[in-house]
Amino acid sequence: MENKWFLSMIRDEFRGGKINLEKTHKLLEKLDIQCNYVHVKSIFKDNDRLKQGRITIEEFRSIYRLIAHREEIVEIFNTYSGNQKFLVEKNLLQFLIQEQYILDMSQNIAFEIIQKYEPIEEVKRAHRMSFEGFIRYMGSSECLIFKPDCGRVYQDMTQPLNDYFISSSHNTYLISDQLLGPSDLWGYVSALVKGCRCLEIDCWDGSQNEPVVYHGYTLTSKLLFKTVIQAIHKYAFLTSDYPVVLSLENHCSPSQQEVMADTLQSVFGDALLSDMLDDFPDKLPSPEVLKFKVLVRNKKIGTLRETHERKGSNKHGQVEEFEEIYQDEIKGSETLIGSEDNPGKEDEIISVAGLPLFKKRKVKVALALSDLVIYTKAEKFRSFQHSRLYQQFNESNSIGETEARKLLKLRAHEFVLHTRRFITRIYPKATRTDSSNFNPQEFWNIGCQMVALNFQTPGLPMDLQNGKFLDNGGSGYILKPQFLRDIKTQFNPNKPPNQSDPVTLTIRLISGIQLPPSNHSSSNKADALVILELFGVPNDQTKQQTRVIKRNAFSPRWNETFTFIIQVPELALMRFVVESQGLITGNEFLGQYTLPVLSMNKGYRRVPLFSKMGESLEPASLFIYV
């Protein structure tokens, strides 16, 4: 029956005799078999016996079998079909319960899967599944490692804003290097499309009273503030309905700040949150309440009540000046020109022998812009004690990674108590002029809501960022675990928890499917190995790796089992990295996939691979059993 079906599907293509490589590739796709061209080309060459670049119907069948009928899937099918040609509904159900851990068990599910994936009509009508149907099911999105439930918004979105991890980017307008690279609208657009919800806008005075956006004091190109705001307005809610925070790194004179305020109001209209909400005079509203809203993060004068009373009045020309005290970090580490803490205002230095250097500066803020800041007022961080005593619920701090790392080592528990109450933004140190990133995990571990990364820079930190925010429908908001929100929390990421309930995760790494070949291979080969790396609290950080399988990127078989004991699974991410072993130049990166441990499906699963730049490498994947 399978033969009859197969021939009926391909016969027409061979009416005119043999077919070439391009036709072969198209025909495989018509049969719903996803293929990487490099692999098809190599297998075609091996099966083209006469070496004329054309193959017979029989040679095509061999190619099809080689690509579609993978041995490891045949073994599973035979186990459940009792070596028969078909699975009846009962066998399929047994497989789904025992191997795929599918609990939502109506007899219907087996029927539905057969209806959806069985390509042979007579088999489908008999409520059975052929091997052809089984490979299509196993290759479908239903068998991916990522739980489909986590692919939609499923968390409670009615908690205050400070209870969420928020996808955040740093220097969003840069798409390459911070000193010379182009400033480009694409930086904003692509970050928003990736689900980023907190964007940084570095604003400076421009000519003709038009503020501009660029990395101050450097040679990066300039964008008009107005153009940036229009682009953000267009793409803000394409990927997520939840609020967007614009973190203004404001170096503008009061008159251009007024222009900024006008632009924000005219472009965003009602979407701009410009007054406190009735039900939230003294606590932060939730992402749910703020759906489709844009929030401005900037310095602010006075209270929310005063802002409310000024609503509708003419603020033109009204400027407030206030003295700001700020601590100068170790010279040379974070006070490079144009860094977040040094926007080039008039500075008066106060130093106390042997103590940290404090500086005073006068800051001028246009009332029109100040009044657009409601729930995300930027406030300089002084100390945890100062925040406990004086910080208001709507004030948030930006802390440079160097200072944050010191605090995290010395006072982790206090840091957790701080982020429980206040939105905290961590940004890369200014010496990272190459736009490199830090590992965000250590700051998520203490509950920092806005860990701002350079989205334009590929690599491990962005892999973790993209992996973490796959969760909750890619909405850019993830509810923090209870122990990072609880008033009485004792949590300290540097100490093993007292009443821990560790999770044991066992992964059998079975095989690779059409992995990207090594750049050093003239055909489709790689010396493939896989690294399984766990990120989380320091105690959970660990990595393990497979042996190397030589000269095989098409279908390497490892069949190795790895076990991880995870103390704090709520914060853990699993990263699968595929490499080709290089003895002289070091290993070559081929692809990776990162996801939260608690978003992992159990059973036989495919791990889809992504390139260094974050593009899908479909159909390249790993076949595993969790």
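Here are some short exercises with worked solutions on this structure, which is a predicted model.

**Exercise 1. Cysteines and disulfides**

Work out how many disulfides the structure holds, looking closely at Cys198 and Cys252.

Solution.
- Begin with the cut-off: two cysteine sulfur atoms must lie within 2.5 Å to count as a disulfide.
- Now take Cys198. The closest cysteine sulfur belongs to Cys196 and sits 6.6 Å from that of Cys198, so the pair is too far apart for a bond.
- Next comes Cys252, whose nearest cysteine sulfur is that of Cys203, 5.4 Å away; Cys252 is in no disulfide.
- The total for the structure is 0 disulfides.
- As a follow-up, check the surroundings of these two cysteines. A residue is buried when its relative accessible area is under 20%. Cys198 has 0% relative accessibility and therefore counts as buried. Cys252, at 5%, counts as buried too.

**Exercise 2. How H3 meets H4**

Describe the packing of helix H3 (residues 37–47) against helix H4 (residues 57–68).

Solution.
- A helix pair is described by two values, the angle between the axes and the distance between them.
- For H3 and H4 the angle is about 135°, and the axes are 10 Å apart.
- Classify the angle: H3 and H4 are therefore oblique to each other.
- Add the handedness, which is right-handed for this crossing of H3 and H4.
- Then list the residues that touch. H3 contributes Val40, Ile43, Phe44 and Asn47, while H4 contributes Glu59, Ser62, Ile63, Leu66 and Ile67.
- Finally, sort the contact of H3 with H4 by class: 6 residues are nonpolar, 2 are polar and 1 is charged.
- A reminder helps when you view such a contact: an α-helix has 3.6 residues a turn, so residues three or four places apart point the same way.

**Exercise 3. How H11 meets H12**

Repeat the analysis for helix H11 (residues 225–235) and helix H12 (residues 254–268).

Solution.
- The two axes come within 10 Å and cross at roughly 25°.
- An angle under 35 degrees counts as roughly parallel, so H11 is roughly parallel to H12.
- The crossing of H11 and H12 is right-handed.
- On the H11 side the contact residues are Phe225, Lys226, Ile229, Gln230, Ile232 and His233; on the H12 side they are Met260, Thr263, Leu264, Val267 and Phe268.
- By class, the contact of H11 with H12 has 7 nonpolar, 3 polar and 1 charged residues.

**Exercise 4. The buried side of H17**

Find the buried residues of helix H17 (residues 412–421) and say what they pack against.

Solution.
- Pick out the buried residues, which are Ala412, Phe415, Val416, His418, Thr419 and Arg420.
- Follow their contacts outward: the buried residues of H17 pack against two helices, H15 (384–390) and H16 (401–410), and two strands, S14 (395–400) and S15 (424–427).

**Exercise 5. Backbone exceptions**

Locate a cis peptide bond, then examine the phi values of Tyr101 and Phe292.

Solution.
- Recall the usual situation: most residues other than glycine have a negative phi, and most peptide bonds are trans.
- The bond from Glu618 to Pro619 is cis, with omega near 0°. Pro619 belongs to strand S25 (residues 616–625).
- Tyr101 has a positive phi, near 55°. Tyr101 lies in the loop between helix H6 (89–98) and helix H7 (108–117), and with a relative accessible area of 37% Tyr101 is partly exposed.
- Phe292 also shows a positive phi, of about 60°. Its place is the loop between H12 and strand S9 (294–297), and Phe292 is partly exposed at 42%.

Definitions and conventions. Residues numbered from 1 in each chain as written. Predicted model: local features only at pLDDT ≥ 70, side-chain atom pairs only at ≥ 80, totals over all residues. Heavy atoms only, no water. Buried < 20%, exposed > 50% of the residue type's maximum accessible area, 1.4 Å probe, protein only. Axes fitted to C-alpha atoms, helices over the stretch in contact; angles between N-to-C directions. Helix = DSSP H or I, 4+ residues; strand = E, 2+ residues; numbered from the N terminus. Parallel < 35°, antiparallel > 145°, perpendicular 65-115°, else oblique. Left-handed = near helix turned anticlockwise from the far one by under 90°. Contact = heavy atoms within 4.5 Å. Nonpolar A, V, L, I, M, F, W, Y, C, P; charged D, E, K, R; others polar.
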